[in-house]
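Reader: Could you take me through the nonpolar core of this one? I'd like a close look at that part, and then a word on how it sits in the whole.

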Amino acid sequence: MLILLDIDGVMLSASSWKPVERLEDGFSNFSPRAVSSLQRIISETGASIVLTTSHKSTYSLPQWHKIFKKRGIDVSIVGKLDDNTTFLSRKEEILNWQLKNKGINNYVIIDDDKSLNGLPINIKEKVVLTSPMVGLTNDDALSAIETLKKSELVYA
């Protein structure tokens, strides 16, 4: 099981009036609610993470693992989308990933990018769209868990 995970608008809310709290590793602190919600998804499904965030190329996968661990999330980070050197939309990035990983069907996409509403229905049904001003909530976590468990039954 995989979680294709964005960071901004998911793990960090886009509250422009709040200063961004950075930890000693140089990256922003995650919202406690988002941490709890993501940990719930991981605990209930055993899912690993594929990073979709625009920050994905800033750090190596081992560095990302440390970033998540420092913020209270112990998860296997197994990959990231390709570097977005041609400035594709998130929708196009996801489509490219799916094309390269046709055999992988047990995943959920957690993102705040509304361009994902334009994905083909078989992929769009795997999207949990967060509110960028709020980030990942417990309700979003429940939707993600349901999506992963449904995929597990369909593709088992």
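**The main core**

Author: Let's start with the largest nonpolar core, which has 31 residues; among its members, Ile3, Met11, Leu38 and Phe68 touch the most others. By nonpolar core I mean buried Ala, Val, Leu, Ile, Met, Phe, Trp, Tyr and Cys residues joined through side-chain atoms within 4.5 Å, with buried meaning under 20% relative accessible area (1.4 Å probe, protein chains only). At least two residues each come from β1 (2–5), α1 (32–45), β2 (48–51), α2 (61–70), β4 (107–111) and α5 (138–155), and α1 gives the most, five. Helices (H or I, at least four residues) and strands (E, at least two) are DSSP runs, numbered from the N terminus.

Now zoom in on Met11: leaving aside residues up to four places away in sequence, Met11 touches Leu5, Asp6, Phe30, Ser31, Ala34, Val35, Leu38, Ile73 and Leu136, where contact means heavy atoms within 4.5 Å. Another core, of twelve residues, lies apart from the main one and includes Leu4, Val50, Leu81 and Tyr107.

As for the whole, this is a predicted model, where local features need pLDDT of at least 70, side-chain atom pairs count only at pLDDT 80 or more, and totals for chains, interfaces and linings use all residues. Residues are numbered from 1 along each chain as its sequence is written, and side-chain values use heavy atoms, with hydrogens and water left out. The protein has five helices and five strands, running β-α-β-α-β-α-β-α-β-α from the N terminus. Of its 156 residues, 45% count as buried.

Key
Buried < 20%, exposed > 50% of the residue type's maximum accessible area, 1.4 Å probe, protein only.
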